[in-house]
Amino acid sequence: MTENKRTTRTVTDAEMAEQRAYTEQIAAWNAVYAAEHGTSRRYYVQTFGCQQNEADSERLAGMAEAMGYVPAAAAADADLILINTCAVREHAEERALSITGQFKHLKEKNPELVIGICGCMVSQETRKERIKHSYPYVSFLFGTSMLYRMPEILYRYLNEHKRQFFLDAGDAGNIAEDIPVRRGSNKQAWVSIMYGCNNFCTYCIVPYVRGRERSRRPERILDEIRGLIAEGYREFTLLGQNVNSYGRDLDDGIDFPDLLAQICALEGDFRVHFMTSHPKDASRKLIDVMAANDKAAKHFHLPLQSGSDRVLAAMNRRYTIAQYLDILAYMRQKMPSITVTSDIIVGFPGETEEEFEETLEAIKAARCDQLFTFIYSPRTGTPAAELEQLPDDVKGDRMTRLLAVQNEIMLEKNQACVGGIYDILVEGISRGDKTMYAGRTEGGKLVHFPADEALSLTGKMVKVKITAAETYNLWAEII
Ligand code: SAH
Ligand code: SF4
Ligand code: F3S
């Protein structure tokens with residue numbers, strides 16, 4: 001359990017070939033159905049989690065399409081529904097269970113409908129049991145390490161007419177390459193570089209549901225990115241729970257800064273983001289590589305969690321606020337234009353008013369461009385869930401105060417951008433205003449600008465000058 005090498009298992013070519021055989025069998029059944037009905041069977045994937053889960057959902061979609069399913073516009077039109085769950089906070093689990101509940105009437109209308117649940121939530125024994133008993137219309141469950149076996153699981157369900165339960169065994173983990181993928185965008189791509197987590201922050205369920213850290217081989221990652229560049233992709237986000245520990249389980253001495261440098265050295269016009277970085281191992285070497293490479297996006301997501309050293313220690317984060325601010329200062333000295341984002345948890349068990357105020361002081365000192373703020377949510381099986389919990393009203397009040405302080409910082413920082421020139425990647429027409437386009441700066445700031453729809457700028461890079469700022473939005477004109 002302590003050494004990655006002992007638990008990492010690469011799924012063999014023979015095992016992947018077996019999955020392809022199941023895929024072909026189901027594709028053959030679906031082809032018969034399509035010929036008889038004049039329409040193909042449809043699939044729908046509902047995702048609840050983080051970017052890693054989104055990347056997994058792109059693989060679920062890829063496998064479904066390889067099996068002959070076509071995308072459904074809505075769950076109600078689907079023959080196969082896959083619910084990819086998250087367990088990080090109670091709210092995420094409740095949403096997944098509530099959606100699953102709503103799908104019951106679809107199954108009643110269409111008994112042929114197949115509903116599968118996967119992702120982090122089902123890898124917990126208690127959840128598995130609950131779904132097994134309270135949601136009898138769910139056809140199969142599978143854990144995150146079983147993703148590549150989805151064709152087999154579906155085949156078994158269709159063939160045996162029996163519910164299937166393929167769950168991760170303890171802290172198992174594997175690496176499966178060459179799973180079909182249907183990406184959600186043709187410009188931006190998620191690239192998982194590693195899976196799992198070894199850090200066991202005391203509040204966090206991820207290490208229990210995603211298994212131990214395991215790194216993909218660098219040549220596989222480079223090949224994938226090379227292929228994506230050739231297809232026209234311009235933005236890559238390298239994914240891992242702690243990308244800074246990339247390579248520790250490999251035998252070739254490569255670390256994350258080396259990998260990033262190798263990716264930046266690839267031919268082509270693109271930029272590379274990564275997440276997430278744990279502050280305890282965000283090294284100066286990494287910052288030097290970012291600073292030296294134009295293709296490394298000048299954005300750093302560095303979750304602080306708390307501004308109190310006592311709380312950080314209780315969270316098992318293994319850095320102090322002074323160390324955090326030190327790495328931030330080095331980053332800003334090397335890359336003055338860097339955008340920094342962070343995560344904060346309020347209401348960790350035992351957090352005192354003074355300790356919370358230390359968090360407010362810390363975020364004033366850090367002046368991040370954006371914060372993702374969370375109310376602590378006890379997760380069964382984690383050490384912090386056993387501690388005495390704070391009342392909900394205290395947690396809620398702290399959240400409100402935290403947001404007020406951060407909003408002021410964000411407004412000031414956005415106002416400082418006015419007059420500045422930025423390259424932005426255009427995401428599409430603005431949601432709120434059809435006459436405007438929306439895009440993001442390298443650091444992920446949302447920018448709106450007027451443009452003629454006929455220009456069809458979506459997916460392109462444009463240079464803009466910022467003309468106005470609010471807390472969450474910037475306005476600009478093309479130059
Ligand atoms: N591996 C990443 C985080 C993944 S979870 C990292 O270490 O930064 C994303 C964020 O969810 C965490 O940074 C944390 O702020 C928040 N989070 C995790 N567990 C939580 C819990 N039990 N309650 C509230 N927030 C939580
Ligand atoms: Fe959770 Fe900590 Fe691992 Fe991030 S580093 S996934 S917060 S245990
Ligand atoms: Fe991600 Fe949620 Fe799992 S944050 S790793 S989907 S628990």
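Colleague: Where is threonine 352 found in this predicted model?
Modeller: Happy to start there, and do keep in mind that the model is predicted. Two elements frame this residue, β15 (339–346) and α14 (353–366). Threonine 352 is found in the loop between β15 and α14.

Colleague: Does threonine 352 count as buried, partly exposed or exposed, and why?
Modeller: Partly exposed covers the range between under 20% and over 50% relative accessible area. The relative accessibility of threonine 352 is 32%, so this residue counts as partly exposed.

Colleague: How far apart in space are threonine 352 and alanine 322?
Modeller: Along the sequence, 30 residues separate the two. In space, taken from C-alpha to C-alpha, threonine 352 and alanine 322 are apart by 20 Å.

Colleague: Does arginine 127 count as buried or exposed, and why?
Modeller: This arginine lies in helix α6 (residues 125–134). Buried means under 20% relative accessible area. Arginine 127 has 19% relative accessibility, so the residue counts as buried.

Colleague: Which residues is arginine 127 in contact with?
Modeller: Here we leave aside its neighbours within four places in sequence. What remains for arginine 127 is contact with Glu93 and Met121.

Colleague: How many residues of strand β5 are buried?
Modeller: Let's take the strand, residues 114–119, one side at a time. Val114, Gly116 and Cys118 point one way, while Ile115, Ile117 and Gly119 point the other way, and all are buried. The count for β5 is therefore six of six.

Colleague: Which residue of β6 is the bridge partner of glycine 116?
Modeller: Strand β5 pairs with β4 (residues 80–85) in parallel through six bridges, and there isoleucine 83 stands opposite isoleucine 117. Strand β6 (residues 140–142) also runs parallel to β5, joined by three bridges. In β6, glycine 116 has as its partner phenylalanine 140.

Colleague: Which strands stand at the edges of the open three-stranded sheet, and why is one side of each left without a neighbour?
Modeller: The order in this sheet is β9-β12-β13, with parallel pairing. An edge strand has a single partner strand, so one side is left without a neighbour in the sheet. The strands in that position are β9 (188–192) and β13 (271–275).

Colleague: By how many degrees are neighbouring strands of the β9-β12-β13 sheet turned against each other on average?
Modeller: The strands of this open sheet pair in parallel. With direction ignored, the average turn between neighbouring strands is 25 degrees.

Colleague: Which residue in β13 stands opposite phenylalanine 236?
Modeller: Strand β12 (residues 235–239) is joined to β13 by five bridges, and the two run parallel. Across from phenylalanine 236 in β13 stands valine 272.

Colleague: Which helix lies across β12 and β13?
Modeller: Helix α9 (residues 218–231) lies across β9 and β12, at about 170 degrees to β9. The helix across β12 and β13 spans residues 256–264 and runs at about 155 degrees to β13. That helix is α10.

Colleague: Which residues have the most contacts inside the largest nonpolar core?
Modeller: This core has 58 residues. Its largest share, six residues, comes from helix α13 (residues 321–334). Leucine 238 is in contact with residues including Ile225, Phe256 and Val272, leaving aside neighbours within four places in sequence. The residues with the most contacts inside the core are Leu238 and Phe300.

Colleague: How many charged residues are in the shell around ligand 2?
Modeller: Among the residues around ligand 2 are Cys197, Tyr203, Gln241, His278 and Arg317. By class, the shell has seven nonpolar and three polar residues. The number of charged residues around ligand 2 is one.

Colleague: How many nonpolar residues are in the shell around ligand 3?
Modeller: Ligand 3 is surrounded by residues including Cys50, Cys86, Cys120, Arg210 and Gln241. Three polar residues and one charged residue belong to this shell. The nonpolar residues around ligand 3 number five.

Colleague: Which residue in β21 stands opposite valine 447?
Modeller: A closed barrel of five strands runs β17-β18-β19-β21-β20, with mixed pairing, and the twist averages 50 degrees from one strand to the next. In this barrel, β19 (residues 446–450) and β21 (residues 474–478) pair in the parallel sense over two bridges. Opposite valine 447 stands leucine 474.

Conventions. Residues are numbered from 1 along each chain as its sequence is written. Chains are lettered from A and ligands numbered from 1 in the order in which they are written. This is a predicted model: local features need pLDDT of at least 70, side-chain atom pairs count only at pLDDT 80 or more; totals for chains, interfaces and linings use all residues. Side-chain values use heavy atoms; hydrogens and water are left out. A residue is near a molecule or strand if one of its heavy atoms lies within 4 Å of it. Ala, Val, Leu, Ile, Met, Phe, Trp, Tyr, Cys and Pro count as nonpolar, Asp, Glu, Lys and Arg as charged, and the others, Gly among them, as polar. A nonpolar core is a set of buried Ala, Val, Leu, Ile, Met, Phe, Trp, Tyr and Cys residues joined through side-chain atoms within 4.5 Å. Buried means under 20% relative accessible area, exposed over 50%, partly exposed in between (1.4 Å probe, protein chains only). Helices (H or I, at least four residues) and strands (E, at least two) are DSSP runs, numbered from the N terminus. Contact means heavy atoms within 4.5 Å. Two strands pair if DSSP finds at least two bridges between them. Axes are lines fitted to C-alpha atoms, for helices over the stretch in contact, and angles run from 0 to 180 degrees between N-to-C directions.
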